[in-house]
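Let's take a walk through this fold together, starting from one residue and working outwards. Keep the structure open beside you as you read.

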Amino acid sequence: MEEKGIEKGRQEGKRKCCRKMPMSNIKLISAEKESEEKIMFFRKSFIEAGESTINGSRGLHHFEHYDEWVQKVKECAMPEKDILGVQTTLYMAMRRRDEKIIGCIELRHTLNEDLKVLGGHVGFSVVPEERKKGYATEMLSQVIEKARGLGIPAILLTCDTENAASKKTIIKCGGVLEKVRSIQCHGEEKRCEYYWISLC
């Protein structure tokens, strides 16, 4: 089934690939000490908006101390220590004009059986007050190029059927729907959609 999804993405994704912008409004950066204040403000924005999870942040919502979270991020490069068990690279999205952190996105270099069911190659979030401005599309577009540079032939993205914003972003960046299925997530049954983006 995975091979069929990759092939379908290769055939159809070429017609729906992400349009490259002449100059991106954001740049992807790593989590460094000098960005601590901005990243923790980013975290605070989710909490104040009543959101308990920050997808693609390596669990930033769980950490009140920045240094502890950065250590967790560093473990992404070591599959034997990482909670997902695969090598992962995390990026923070910084807006160029004011250097505000407006999003986060992580690229999982490979898939294991769990990620094939839920999670896929990429997870991302945009801070609540900056949504519906095209930032998620820019973030995903840039990560697609990074994945291509790593030689990944196609990436899988999974999405809750009720998450219209994420579906729109994935499709805009060339995502081709492979299937829809019911899965168990935190004790609840959810409908999940599976999209492939060809990088060949």
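In which strand is the place of Leu90? Leu90 sits in strand E2. Keep in mind that this is a predicted model. Leu90 has a relative accessible area of 5%, and since the cut-off for buried is under 20%, Leu90 counts as buried.

What is Leu90 in contact with, once its neighbours within four places in sequence are left aside? The list runs through Ile29, Ser30, Gly56, Ser57, Arg58, Trp69, Val73, Ile105 and Glu106. Take Ser30 from that list: Leu90 and Ser30 are 60 residues apart in sequence, yet their C-alpha atoms are 6.8 Å apart in space. Long-range links turn up across the chain, too: among contacts between residues at least 6 apart in sequence, 62% join residues at least 24 apart.

Now zoom out. The chain has six helices and seven strands, and from the N terminus the order is α-β-α-α-β-β-α-β-α-β-α-β-β. Of its 200 residues, 50% count as buried. The chain exposes about 10,900 Å², with carbon and sulfur atoms supplying 49% of that area.

Back to the sheet that holds E2. Four strands form it, in the order E1-E2-E3-E4, as an open sheet with antiparallel pairing. Strand E1 (26–29) and strand E4 (122–126) are at the edges with a single partner strand each, so each has one side left without a neighbour in the sheet. From one strand to the next, the twist averages 20 degrees. As a reminder, strands of a sheet pair through backbone hydrogen bonds, either parallel or antiparallel.

In the middle of that order, strand E2 (residues 88–95) and strand E3 (residues 101–108) run antiparallel and are joined by seven bridges. If you want a spot to look at, Met92 stands opposite Cys104 in E3. Moving on to the next pair, E3 and E4 also run antiparallel, joined by five bridges, and here Gly103 stands opposite Val126 in E4.

How many of the residues of E4 are buried? Five of its five are, so to speak, under cover. In a regular strand the side chains alternate between the two faces of the sheet. In E4, Val122, Phe124 and Val126 point one way, Gly123 and Ser125 point the other way, and all are buried.

Next, the helices that go with this sheet. Helix H2 (residues 36–48) lies across E2, E3 and E4, running at about 95 degrees to E3. H5 packs on the sheet as well, touching E1, E2, E3 and E4, and its direction makes about 35 degrees with that of E3.

H5 is worth a pause. Helix H5 (residues 135–149) has 15 residues, which at 1.5 Å a residue should span 21 Å, and its end C-alpha atoms are indeed 21 Å apart. Its buried residues are Tyr135, Ala136, Thr137, Glu138, Met139, Leu140, Ser141, Val143, Ile144 and Ala147. After H5 comes Gly151, with a positive phi near 85 degrees.

What about the nonpolar interior? The largest nonpolar core has 45 residues, and those with the most contacts inside it are Phe42, Trp69, Met92, Ile105, Val122, Met139 and Ile155. H5 gives the most to this core, with seven residues. Val122 from E4 shows some of the wiring: beyond its neighbours within four places in sequence, Val122 is in contact with Ile105, Glu106, Leu107, Arg108, Leu140, Val143, Ile155, Leu156 and Leu157. There is also a second, separate core of nine residues, including Val86, Leu111, Cys192 and Trp196.

That leaves the other sheet. Three strands form this open sheet in the order E5-E7-E6, with antiparallel pairing. Strand E5 (154–160) and strand E6 (176–185) are the edge strands, each with a single partner strand, so one side of each has no neighbour in the sheet. On average, neighbouring strands here are turned by 30 degrees against each other, direction ignored. E6 and strand E7 (residues 188–198) pair in the antiparallel sense over nine bridges, and one place to look is Cys185, whose bridge partner in E7 is Glu188.

Terms used
Residues are numbered from 1 along each chain as its sequence is written. This is a predicted model: local features need pLDDT of at least 70, side-chain atom pairs count only at pLDDT 80 or more; totals for chains, interfaces and linings use all residues. Side-chain values use heavy atoms; hydrogens and water are left out. Helices (H or I, at least four residues) and strands (E, at least two) are DSSP runs, numbered from the N terminus. Buried means under 20% relative accessible area, exposed over 50%, partly exposed in between (1.4 Å probe, protein chains only). Contact means heavy atoms within 4.5 Å. Accessible areas come from the Shrake-Rupley method with a 1.4 Å probe; for residues, only the protein chains shown count as cover. The expected span of a helix is 1.5 Å times one less than its number of residues. Two strands pair if DSSP finds at least two bridges between them. Axes are lines fitted to C-alpha atoms, for helices over the stretch in contact, and angles run from 0 to 180 degrees between N-to-C directions. A nonpolar core is a set of buried Ala, Val, Leu, Ile, Met, Phe, Trp, Tyr and Cys residues joined through side-chain atoms within 4.5 Å.
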